Every structure is written in C-alpha cells, then in structure tokens.
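Work through the exercises below with the sequence and the model open beside you, and try each task before reading its solution.

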Amino acid sequence: MPWDRRTTAAEVAAAADLSGCQVVLTGAASGIGVETARALAATGADLVLGVRRRAAGEALAADLARGARGRIAALELDLADLASVARFAARVTGPVDVLLANAGVSKTPEAHLANGLDVRFATNHLGHFHLAHLLRAQMALRGARIVVVSSAAHKGMPVRLDDLQWTARPHVDGAAYAESKSANILFAQEATRRWSGVGIVANAVLPGSALTGLQRFHGEALKRRIGFIREDGSVDPMVKTAAQAAATSVWAATAPELAGRGGLVLEDCAEALPVGPETHAWSGYDPGVADPETARLLWERSLELVERLT
C-alpha cells in the first residue's frame, strides 16, 4: 500500500485485523494517543489504555467500546513513577502482542523529579523501559512488537551517558527532550538485539510534527520560533494532524511486512531515510545517535536505575 506523510491512522487500520490480539498503549487519552487508540480499536484488538487521568481514559474507553469488536480497558499509569508502572503492569493479564510506548512529555514546569531523574528521561524512556521488562514474559508468549514513539528532535542529540539526568550541565529542557527521544531509538535497537530470540522485536517511530497537548507549555513565541506557526498566524503545511501523526505507529503495530523485523526507525509508514543536506528539520533519521555500544550501556544503566529506585 503506497502510504505517505498524509496517510491517517484510520486508513492504515482499515487494512489490518488484530482480532484476538492484545495491545497495550500508553499515553492513550491525549494527542496522537487518542487517534492511535481509535484506529487500533477499529482493527478488532483488545486494548489496554494507559492514562494519567482516569476520567479521560474511561471516557475514551467508553467511546471506543461503542464501535469496537475487542475489549477496551483504561488503567491509570504515570510513567514518571515506577511504582505506578508496576501497578499498571500487574493489571495487564494474558499475552501481550503489541506494546505501543506512545506517552511522552516535552517542556514542563519542572526539570527534575524528587528522585533526581530528569522528568523527560523518566517519562519518555525509563518508565517505558521498566514497563517493557515487566511485560516481557507476556510478550514472549506469542511473540510481540514493541513500538516506541521517538521524534525528529533526536537528530544531532546523542545520549550523554555521563550526564543522563542533566545535573553536570546547565539544564535545557528542549535538549533533554531530544536526548530522551534518542534513548527511545537506542532502546528499540537494544531490545531487539536482546529479545528477538524469544520473538520480541522493537521499532522506533518518528511521527512527524503535530500540534497536540505535547506543546501545552511551549507558548506562542516558541511555536513560532520552531516554525509550527508562520508569521501570518497560519499553521505550517508540514505540520500533521494528530490522525496523520498516529499513522506510522499503527503501521508499525500492524504491517505484515514488519513481522519479525526490529531495530528499525520508521517514518511516514516506511523506513525512515537518513538525514541529508536537503532533509527537512522535522524529518529524517540521524544514525549518528545510534551507536550499539551506547545502546548497550544505556540499557545497563537503566537497569541499575530501576533497581535503585524500586
């Protein structure tokens, strides 16, 4: 199917059937998570929706259930709190066929959590890392896909293993976000290397730029500086709708041609192209952030952090 950057999640889902499969989706109640959930519900999958706000999650689950063939459940999940991650994972029963790590934070009023973790590292990487480990046995029962939502912000921002929590450098929230998105790519590659033997593969997704709740603390000036909003107040044509930004996640979760394939970076329902001189700032994959040794060491240090904090 010739998908492109304007393809929507619903269009991808129309070609898929996940009847009898269980999908765990984080960040389901806002932004591209809502469109991802809506599309996956249309495939017939059983959905477990991880949400920070129970009321919003239950409202979404009730809305989706009206037209869904599979079961829909919303459970509370705060990825920045490893105890919350453990409680959520304990309530997921049966085989897990897809873990879609969609939730994320960018700019926030806080820089660090009380435990010393940068809030972006904790939410975007470590919480999903811990969740994947807790669900590993259930994912191995039938083989599973892990889909990790990264960002074009990763470009030129390799993970600094000597300062993962931004304590040795002046804290810059945008750069910390970018490094957490590089960590998402490293996780997908290392998870595939370590777990493909038991049938679990992971891929990272570059969804494209969309105006969602992710930018709730950006402000108009920053949105204009990034280029989301042009001088005349209109939205840049490169900005996707939430439904378009969710399409590659749904494709990664369902595409037959990706069966058994992992360690990839995906964009616009295809493998992402490496960056070049003509690559748009919001597109493309930077292989320079994906050193295998860095991926291995990030995994080991993430394990150490989880052990220390749980």
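A residue counts as buried when its relative accessible area is under 20%, and as exposed when that area is over 50%. Keep in mind throughout that this is a predicted model.

**Exercise 1.** Decide whether Glu267 is buried or exposed, and describe its surroundings.

*Solution.* Begin by locating the residue: Glu267 lies in strand S7, which covers residues 265-267. Next, take its relative accessible area, which is 9%, and compare it with the cut-off of 20%; because the value falls under that limit, Glu267 is buried. Finally, look for its partners: leaving aside neighbours within four places in sequence, Glu267 is in contact with Leu206, Thr248, Ala272, Trp282, Ser283 and Gly284.

**Exercise 2.** Work out how helices H5 and H11 are oriented in their packing, and which kinds of residue form the contact.

*Solution.* Start with the geometry: H5 (residues 119-134) and H11 (residues 292-309) pack at an angle of about 85°, and their axes are 10 Å apart. Angles of 65 to 115 degrees count as roughly perpendicular, so H5 is roughly perpendicular to H11. Then turn to the residues, where H5 contributes Phe121, His125, Leu126, Phe129, His130 and His133, while H11 contributes Leu298, Trp299, Ser302, Leu303, Leu305, Val306 and Leu309. Sorting these residues gives nine nonpolar, four polar and no charged.

**Exercise 3.** Judge how compact the chain is for its length.

*Solution.* Note first that the chain has 11 helices and eight strands. Its radius of gyration is 18 Å, close to the 19 Å that the globule rule gives for 310 residues, so the chain is as compact as a globular protein of that length. As a further step, consider burial: buried residues make up 54% of the 310 residues.

Terms used:
Residues numbered from 1 in each chain as written. Predicted model: local features only at pLDDT ≥ 70, side-chain atom pairs only at ≥ 80, totals over all residues. Heavy atoms only, no water. Axes fitted to C-alpha atoms, helices over the stretch in contact; angles between N-to-C directions. Helix = DSSP H or I, 4+ residues; strand = E, 2+ residues; numbered from the N terminus. Parallel < 35°, antiparallel > 145°, perpendicular 65-115°, else oblique. Contact = heavy atoms within 4.5 Å. Nonpolar A, V, L, I, M, F, W, Y, C, P; charged D, E, K, R; others polar. Buried < 20%, exposed > 50% of the residue type's maximum accessible area, 1.4 Å probe, protein only. Rg over C-alpha atoms; globule rule 2.2 N^0.38 Å.
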